[in-house]
Amino acid sequence: MRRAAALLFGLLLPVGAVAETPVRVRVGDHAAHGRVVFDWPARTGYEVEEAEGRIVLRFAAPAAFDLAAVRRPPRNVSAIEHEAGRVVTIGIAPGTRPRVFRLGTRIVVDVLDAAQAPATAAARPARATPARPSPPARSPSASRAPAPAPVAVPPPASAPGAAAPMPAAAPVAPTPQPAPQAAPPATVPAAPATPPPPAAVATRPASGGFTIPAAAGVGAALLQRGGAWLLVLDAPLSLDLAPLAGGRLAGAEVTRERHATLLVLPLSTFEEPVLTRRPEGWHIGGGEASPSLRSIRPELDPGPPVRLLLRATRPAASVAVLDPETGGTLLVGTVREGGEATPLGRRAATFDILPTRLGAAILPRADTVTLRALEAGFAASPGPGAELALGAEPPEESGAATLSRVFDLPDEPVAALVRRERNAALAVAGAQPLARGLPRLRHAEALLALGLGPEAQTMMALAMREDPRLAQDPRAHALHGAAALLAGRPDEAEGLLHRRLPENDEITLWRGLLAAARGEDGAARIAAALPLLRVWPSPLRNRLGPLAAEALAEGGEAAAAERLLAGREEEPGFALARAMLLEAREETAAAIEAYQAVARGRDRRARAVAMRRGVELRLASGALDAPGAAAAMESVLAAWRGDAQERATRLRLAELRMQAKDPRGAFEALREAEQHFPDVAPGIRPRQVEALLAAIAEEPPVAAVALFDTHVALLPAGEQTERALAALAERLAALDLVDRARTVLGRALARAGSAESRARLGLRLAGLALGSGDAAGARKALADTAASDLPEALQQERLLTEARALSRLGQAEQAAARYRAAGPQAAGELAELLAAQQDWAGAAAAMRTHLAATLPPAPEPLPEPARRLVARAAALLALAGDEAGLAALREAEAGRMAGGAFGDTFGMMTAERIGSIEDLPRLGQELEAARRLPARLAARP
């Protein structure tokens, strides 16, 4: 009847009121439990009822549960059913224990094996309860007792759970030597039906801190996990977070469990939070005077049983809470007073000791790990039969404890790392075929810690191929990329650049190492996260340490490089980094010697880098010239092939050959670089053109023509190409290879990009044609390249060349017109043309115009070519019978023409006519000069 009434009520509701949210249900098998995950799209409240053989989950919102992925129930689960859109029933095996928790927007149900069910990972210490006797021990038949009352699981932070707090109790000191067997689990009382009202959190606006009301016996711990501050109280408290709403404290969440209270604060709330005990409760604040912290340091207790002691003055209890970073269990040791913390993290074989701001915290990596509160602190045990190996303590100044990590890379002895890898391999072999994704991921991490890059990359590739969930996981892609980088395959390490991968300290370090492996600058990233590298496992540190040190030395992070090289003076893997550091200190002689020592070593990559840097250093110091450096760089090219280092070497070799005046060698080096690395072609094309043009200009004409014919497609249109080809054509013409020269210019003309460029090339082609006696070809070249709006100088040159061609073709009138249009610079040739036609007056006038344009101004002396032109002008004036012109020429140039070449001739032709007997001596002189003139003219070229 109840179901029928509910169905009828649902049918009567509006459509929008019963809208169901699609929720995917996933299952998985793990080593000690089965898991059911409800993938809600948003945070949703829920309640849990535990009964014999089943768990009932009641969600706060209706949902359409997608059970398609549930092919078969996971480990310890017999069936999964849902009804009414809000209720899911999970059948569990007898003797198992469920564990329900929230992970982001997901609700996770773990059903622990029967062997794991009786005790949690950490048991609370015994407490005296005078007002109520301890409950009797449960008999084996107690598991079949009627179902207990439902326990409400807390909704989101704005609505805390309703379970009542446990009564305060004074601790009872345990015996100094506890028994080796595990302690029985603490009994958790059932929640009362009517919870007390939540206590409001008192705030202090001035400091930004707040106080959590708590009894005197309630202990606390504070640490950073999952990008947030995690405050743990060892008692279930009902807290009202309304006073924390808004400002920096917005987003705070509280989770009340049966044995503890968890308060999660955004990391931006406090930069350096301080948790102190006050009479009214625990106060957390930032920017206040920090108390002097006492370190909770681990000490090995050989036992039996073997355990790790974390000594504290006022320990309170050990509680197990959900780790927001890994989704697993976190064992937290609380203290009753402030001032005791774990400043540095440590690694053990089966658990991690986490750094805290108050109290102690253990991250277990095995289900047998326990943490118990003692009178003098806490005892961490790896479990019966397990080995307890504590990793080396990181130096306090390293800073690694405050940096965030992604991968499980413990700094353990190699033997412990080998055992870890073997156990991971056994876990993969023992897992079901569809449940091997996570075990393979852990196996890959173990291989990575051992420095086995290819093996780890293969394992991750197999895991992501078999498990589609891992294929969508950014962390899995990052692990695959890190393994590829370690394997020497940086081009396959794209997973480290995954767009969904959060930027934290370890990812920053890996990305810096990837940049260094690619020949890019990763020094700043490596220096920022260098403390992590120093606490990585020794096999991994030894493999990647040299790369990091070299990147730091080259990237200007000398101080960080020195810290990394400290204590490694004799390790051969760091020899190149030490040489680079000497170069950075400008210790040139020592650096050259160190590079030469590395070049004699057996490491091929280090040899090639040392050879290249040694060549550069010797070139900069003057020990090598450019030709010698180019020859030495060719040896470097032979020492290493196949990556960015070869590409850089080839490009540098081209530069050195250009400096050594070997442009053809530079061009060939650039062509080889383009063939081996096609991606660099666009960037080096201008350098190729420069080297090709220089080679065409400097190589012998025949070799230059061969270069031009082979690589003409590389030459761009422009003035630089025109000049080079014109020079080549002139060199060919000088060797009487006029036809070949005209062919070169013709091909250049076909590639010209502008009218001006065509006009200039046509002028040069016409000049070659005139030089070979082809006046008609010259006129055709000029006509084919005619254009308007040309520069004046270019236009005058073209007119002068056309006038010469017309003159040779016998078209005197047209030639004279072109000469006149060409301007004063062409007046000399016009004078010769007119003189050849015996137009003495016109020739004399043209020569006077030519003299006015070319003679230096008086009283500057005349050079011999200018004196010849003046004498020529006098002769033309005399032939024309222009007495006035001769008198004017004599008056203007007599002073500068006296006493030099052609002076007598000029004087004879410009002298006044003989009018009396007194002029007879002058007449004799003129006759003598006239007699000698033919001989003098014949003697001159």
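How many residues does helix H7 have, and how far does helix H7 reach from its first C-alpha to its last? The points below take this up, then move to the pockets and sheets. The model is predicted.

1. **Helix H7.** H7 covers residues 505-517, which makes 13 residues. Its reach is 19 Å from the first C-alpha to the last. That is close to the 18 Å expected at 1.5 Å a residue.

2. **Burial of H7.** The helix is mostly covered, with 11 of its 13 residues buried. The buried stretch includes the charged pair Glu506 and Arg511. Ile507, Thr508, Leu509 and Trp510 are buried too. So are Gly512, Leu513, Leu514, Ala515 and Ala516. In general, an α-helix has 3.6 residues a turn, so residues three or four places apart point the same way.

3. **Second largest pocket: size and centre.** H7 also contributes to a pocket, with at least two residues in the lining of the second largest one. The volume of this pocket is about 1,400 Å³. Its lining counts 45 residues. Nearest the centre lie Ala516, Ala517, Leu547, Arg605 and Gln645. Ala516 therefore appears twice in this note, as a buried residue of H7 and as one of the residues nearest the pocket centre.

4. **Second largest pocket: who lines it.** Besides H7, at least two lining residues each come from helix H6 (474-486), helix H10 (538-554), helix H12 (575-584), helix H14 (604-621) and helix H16 (644-659). H10 gives the largest share, 8 residues. By class the lining splits into 21 nonpolar, 9 polar and 15 charged residues. For electrostatics, the 15 charged residues are the entry to look at.

5. **The cavity.** How many cavities of 30 Å³ or more does a search of the whole structure find? The search returns 1. The space in the largest cavity is about 100 Å³. In general, rolling a probe the size of a water molecule over the atoms shows where empty space is left.

6. **Cavity lining.** The largest cavity has 13 lining residues. Pro716, Thr721, Leu725, Ala748 and Arg751 are the ones nearest its centre. Helix H20 (719-734) and helix H22 (755-771) each supply at least two lining residues. The largest share, 3 residues, is from H20. The lining holds 8 nonpolar, 3 polar and 2 charged residues.

7. **Sheet S3-S4-S7-S6.** This is an open sheet of 4 strands, paired antiparallel in the order S3-S4-S7-S6. Its edge strands are S3 and strand S6 (77-83), and each pairs on one side only. The twist from one strand to the next averages 15°.

8. **Pairing within that sheet.** Strand S3 (residues 46-51) and strand S4 (residues 54-59) run antiparallel and are joined by 6 bridges. Val48 has Leu57 of S4 as its bridge partner. Glu47 stands opposite Arg58, also in S4. The hairpin of S3 and S4 has 2 residues between the strands, and Gly53 there takes a positive phi near 80°. On to the next strand: S4 pairs antiparallel with strand S7 (residues 87-92) over 5 bridges. Here Ile55 stands opposite Ile90 in S7.

9. **Sheet S21-S22-S30-S29.** A further open sheet of 4 strands has the order S21-S22-S30-S29, again with antiparallel pairing. Strand S21 (298-301) and strand S29 (370-374) are its edges, each pairing on one side only. Neighbouring strands are turned by 25° against each other on average, direction ignored.

10. **Centre of that sheet.** Strand S22 (residues 307-311) pairs with strand S30 (residues 377-381) in the antiparallel sense, over 4 bridges. Leu310 has Phe378 in S30 as its bridge partner.

11. **Val254.** Is Val254 buried or exposed? Val254 sits in strand S16 (residues 253-256). Its relative accessible area is 4%, so it counts as buried, the cut-off being under 20%. Ser238 is 16 residues away from Val254 in sequence. In space the two are 9.1 Å apart, C-alpha to C-alpha.

Notes. Residues are numbered from 1 along each chain as its sequence is written. This is a predicted model: local features need pLDDT of at least 70, side-chain atom pairs count only at pLDDT 80 or more; totals for chains, interfaces and linings use all residues. Side-chain values use heavy atoms; hydrogens and water are left out. On a 1 Å grid over the protein atoms alone, a cavity is a set of points where a 1.4 Å probe fits but cannot get out, and a pocket is an open set with protein on both sides within 12 Å along at least five of seven lines; lining residues have an atom within 4 Å of a point. Grid points are joined across faces, edges and corners, and a volume is the space filled by probe spheres set on the points. Two strands pair if DSSP finds at least two bridges between them. Axes are lines fitted to C-alpha atoms, for helices over the stretch in contact, and angles run from 0 to 180 degrees between N-to-C directions. The expected span of a helix is 1.5 Å times one less than its number of residues. Buried means under 20% relative accessible area, exposed over 50%, partly exposed in between (1.4 Å probe, protein chains only).
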